[in-house]
There are 4 protein chains.
Amino acid sequence: MPRQKLAAEPDRPARDPKRTRAAILDAATTEFARYGLGGARVDRISRASGANKRMLYYYFGDKEGLFLAVLEAAYAGIRSAEQKLSLLDVAPIESVRRLIRFTWDYFLAHPEFISLLNSENLHRASHLRKSRRARSLNSPLIATLGAILERGRREDIFRKGVDPLQLYISIAGLCYFYLSNIHTLSSIFGRDLAAQPARGARLRHVTDVVLGYLRREP
Amino acid sequence: MPRQKLAAEPDRPARDPKRTRAAILDAATTEFARYGLGGARVDRISRASGANKRMLYYYFGDKEGLFLAVLEAAYAGIRSAEQKLSLLDVAPIESVRRLIRFTWDYFLAHPEFISLLNSENLHRASHLRKSRRARSLNSPLIATLGAILERGRREDIFRKGVDPLQLYISIAGLCYFYLSNIHTLSSIFGRDLAAQPARGARLRHVTDVVLGYLRREP
Amino acid sequence: MPRQKLAAEPDRPARDPKRTRAAILDAATTEFARYGLGGARVDRISRASGANKRMLYYYFGDKEGLFLAVLEAAYAGIRSAEQKLSLLDVAPIESVRRLIRFTWDYFLAHPEFISLLNSENLHRASHLRKSRRARSLNSPLIATLGAILERGRREDIFRKGVDPLQLYISIAGLCYFYLSNIHTLSSIFGRDLAAQPARGARLRHVTDVVLGYLRREP
Amino acid sequence: MPRQKLAAEPDRPARDPKRTRAAILDAATTEFARYGLGGARVDRISRASGANKRMLYYYFGDKEGLFLAVLEAAYAGIRSAEQKLSLLDVAPIESVRRLIRFTWDYFLAHPEFISLLNSENLHRASHLRKSRRARSLNSPLIATLGAILERGRREDIFRKGVDPLQLYISIAGLCYFYLSNIHTLSSIFGRDLAAQPARGARLRHVTDVVLGYLRREP
DNA sequence: GATGAATGAGGGTTCATTCAT
DNA sequence: GATGAATGAACCCTCATTCAT
C-alpha cells in the first residue's frame, strides 16, 4: 500500500528545516512568555517543539539567541498586524478610536507579546540592542498618528501641540498596564479585571481618556 | 573562661535577628528586582546580605517565601509613602496634579517596585494570592480619588461618571509603562527616554492627558 | 568478630573538609594523568573520590582550577622528595650519580607527573602561569647542582663552563623522554622498553652519558 | 536550463578526492596537535578543512581513525626528511653533529610532531599498535648511527660499547624534552627558553653533551 | 563524492536546599 | 541563631556520529 497523502505531512516530516525552525520558535515563544528568560527551560522548548534539543542550538546559537529571535518575531507580528489598519481612510476621531481598539485587541489576543517585552526590559533590552533588525522594528504608526493629529488639528477638532510618540506611548500604556498587571491588580483590588464586563469598561475608559484629552480647548 | 575579644566584630553584631532579617530582605529586593524570580540566585542574596544562607531559610521558609516577603514590603513602602500625601487639602485640579507627580516620582525612584510587580504578574500573582496581608495592600487612594472627583464634579470642573479605580489605573499606567518599558522603547525608537529632558516631557504629557480628559464637556 | 580499629575512619567521614578535599585531589590526579585535561571526566573524578560532584566546584572552582591544584600538588611532591636528597654530603661524581638515579626513579614511580606536565605543556602552561604559587615551584636543585659542578671543577674532575640549568634539563630529558614516550618507542622499535632489563640499561646509559660529558677534557 | 556560472567557485573544485583528503588531514594535524585527541573537535577540523563533516568519516572512519592517519603522516614526514641526510659522507664527529642539528631543527620546525607523539603516548600508543604501517615507521637512522659509531670506534675517536638505539633516544630526548616542556620550564624557571639566544645555547649544549660522552676514554 | 539537517548521550556547571555542628 | 560542608537534580550546552537527499 502506498504511503498516504503525499502532500499532507505526518506530525513531523523528517527533513523540513523551515518547519523545524518555526516549531522551535513557536514553542520558545510560549515558554519564554510563560516563564521569562531565566525561568524558561530549553528542554521544555525542545520537547514542545518536537525538535531535538541540538537543533535549537543549530538554528539559534544559544538560549539568548533564541530569545532574541522570539522577540524579533513578536515585533514582526504586531508590525504586520498594524499594516492592515487603514487609519487614514476615516475621520480623525474614528481613526484614533480604531488605533485604540487595535492596540487593546492586540494586547488582549497576544499576552505573550506583553510578557516578552517585560522580560526584555528586565534585561535592559540587552538582546534587542544586539539585534541588527532592531531598527526595522520601529512602528510606522508614529508617523501615521502624526498625520492624524495634524488633520484633526486642521479641522479644529483636536488640540494642538500633541507629540505623536507621547500619545502612542500613552495609548499603549493605558492598555498595556491594565493587561500586564491584571493579576496583581485583580488580587489587590479584589475584582476580576479579566472578566468580560471589566474588559469592556476598560476599553471604553481608555477611549474616553484619549479622546477627552485630544478635544480642543473650549 | 570568657570568650576573648568581647567588643570585636563591630560591623555586624553576631546576633541581631531584626538586623539579619532586614539585611536579607534588602538584598533580596535588589536581587529579585534585577534578575526576576527565576533569575535570582539565593547565593547572591546570602552573600550580599552578609547573612548565612541557612538564615534565609530560617526566616523566610524558601525562595518563594522570601519573594512574597519582598513583595509585601514593596507594597508597604508605596502605601506608606501615599499616606504622607495630603490630597484633600487642596483644590481638585491641584490634587490630581499632586497624585500624578507622586506616582511618577515614586516609580522613578523605585524601579525595583516596577520590576517586582512585573515578576509577580509573570507568575500570575500566585504569591500575592497566598498572602494573608494581601487585603491590607489595597490602596486607600482609590477612595481619596473618588472624593476628589466628586468634589471636582460638584464644582463643575470635572466631567461626570469617572470611575476612580479606572482613573487610578490610568494614571499608574501612563507613568508605569513608560518607565517599565523604557529600555525597549528607547531601543526601538532610537531615543534616550531615560534622559532628563525626556522624563520631564513625559510627566507634563501625562498631566495634560489626565487633566485634559477630566475637563467637563463644553 | 569486632570491627577493627575503632579509631579508623569509616570509608568517608560525614564531615571532614580536609579529607574530602584530599580525596578529590587524589582522584583528579589519577584522572588527569590518565586522560589528559580534555579527556578527563568530572563525573569520574567525583565518583572515584566518593565526594559529591558539587564539592569539586566548591573547593576548586572549576575543572581547570582543579587541574591547577593537581599540578601544584604534583610539583610540591617532587620538590618535597628532592629535599630529602643530601647531594652535598658526597663527592661530585657520586653526587651526580645520585641525582640521576633520583630523577629516574622519581619519574618511574610517578608516571602521573610526566603525564600532567605533558598536559600542561599542551596548554602552553596556561594554568601554571595563573598560579600564584608558581614561583615557589622552582627547583632548589639548580643551585645545588651549580655547587656540585663548581666543586667538581675545583677538584679537576669535571669540565668547566657547564650551565647547571642546562645540565638539569638534560638529565631530566634523558630520563623523561624515554619514559614519557615509552609506548610509541616500544611500538616503533618493536622492543619492550618498559621491561626491567631495558630500564636498567637505560639508567646506566644515562649515567654514562652525563658523566662521560662531564669528564674534564684530556 | 543550464546551471549558471559553470566556471565559478575556483577555490576548491567540487570533486577532488585527493585534495579533500589532504585538506582534512592537514586540518586534523593542526587540531590534534593543538588540543590533543580528547580536546580536538571534529567540527573544527571539518570547518578548517573546508570539507563536509561527513567526508571526514567517509575517508577515515571515525575520529580515532583520523588521528591514526595523522600520526602515520607525521612519522612519514620525519622519515622522509631523514632520508635527505647524508650522514655517511662525512667524518664521524661531523656526522653526529649533523644528526643532532637535524633532530633539533626538525622538532623546532614541527612542534605538531612533538604534540602528536605526546598525545599518542597518553593513549599508550593504542592507535599505533593497530596500524599496519607501524613497522615501516621504524627509523633507518638507527642502523646508520650504528655504522657511524662503529667507524668512530675504528678510528679511535669514539668510546666503545655504545648502543645506537640508546644514543638515538638520548639525542632525541635532549632535544625533545626542552621543546616539549618549554612552557612549563619557562614558567617555572622564569626564563624565556623559546627566545633565540636560549635556543642556540641549548643546541650547543646538546652537541657538547653527546660529543663529550662519545669521546674515547683517556 | 558530497551536503545540510538531525540525533541522543553525556559534557561541565549551577541550582535551591539541608545536614551536622 | 548561626555556620561551612554537603547534596542530587537539573541546568544549558556540545559531543561524535548518522540520516536523507
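This report describes the chains of a predicted model, the contacts between them and their surroundings of DNA.

Residues are numbered from 1 along each chain as its sequence is written, while chains are lettered from A and ligands numbered from 1 in the order in which they are written. Because the model is predicted, local features need pLDDT of at least 70 and side-chain atom pairs count only at pLDDT 80 or more, whereas totals for chains, interfaces and linings use all residues.

**Domains of chain A**

Chain A consists of domain 1 (10-61) and domain 2 (68-214), with bounds that come from an automatic or database domain assignment. Between the C-alpha centres of these two domains of chain A there are 29 Å. Nine residues of domain 1 of chain A and nine residues of domain 2 of chain A take part in their contact; two residues are in contact if their C-beta atoms, placed from the backbone, lie within 7 Å. On the domain 1 side, helix α1 (residues 17-39) of chain A gives the largest share, eight residues. Helices (H or I, at least four residues) and strands (E, at least two) are DSSP runs, numbered from the N terminus. The domain 1 side that touches domain 2 of chain A holds six nonpolar, three polar and no charged residues. In this division Ala, Val, Leu, Ile, Met, Phe, Trp, Tyr, Cys and Pro count as nonpolar, Asp, Glu, Lys and Arg as charged, and the others, Gly among them, as polar.

**Contacts and symmetry of the chains**

Chain C meets chain D through 43 residues of chain C and 43 residues of chain D. Several helices of chain C each supply at least two residues of this side, including α1 (17-39), α6 (111-122) and α11 (196-214). The largest share, 11 residues, belongs to α9(C). By class, the side of chain C that touches chain D has 20 nonpolar, 17 polar and six charged residues.

A turn of 180° and a shift of 0.0 Å along the axis lay chain C on chain D with an RMSD of 0.1 Å; copies are superposed by least squares on the C-alpha atoms of residues with pLDDT of at least 70 in both. The two copies are therefore related as by a two-fold rotation axis. The C-alpha of Y213(C) is the one in chain C nearest the axis, 2.2 Å from it. The copies meet through the same surface, because 100% of the interface residues of chain C are also interface residues in chain D.

Chain B can be laid on chain A by a turn of 180° and a shift of 0.0 Å along the axis, with an RMSD of 0.1 Å. In chain B, the C-alpha nearest that axis is that of Y213(B), at 2.2 Å. Of the contact residues of chain B, 100% recur in chain A, and the same surface serves both copies.

Other pairs do not touch: the nearest C-alpha atoms of chain A and chain C are 21 Å apart, and those of chain B and chain C are 13 Å apart.

**Surroundings of the DNA**

A residue is near a strand if its C-beta atom, placed from the backbone, lies within 6 Å of it. The table gives the residues near each DNA strand.

| DNA strand | Residues around it | Closest residues | Classes |
|---|---|---|---|
| E | 40 residues | N52(A), R54(A), K63(C), N52(D), R54(D) | 15 nonpolar, four polar, 21 charged |
| F | 40 residues | K63(A), N52(B), R54(B), N52(C), R54(C) | 15 nonpolar, four polar, 21 charged |

For DNA strand E, α3(A) gives the most, with four residues. For DNA strand F, the largest share, four residues, comes from α3(C).
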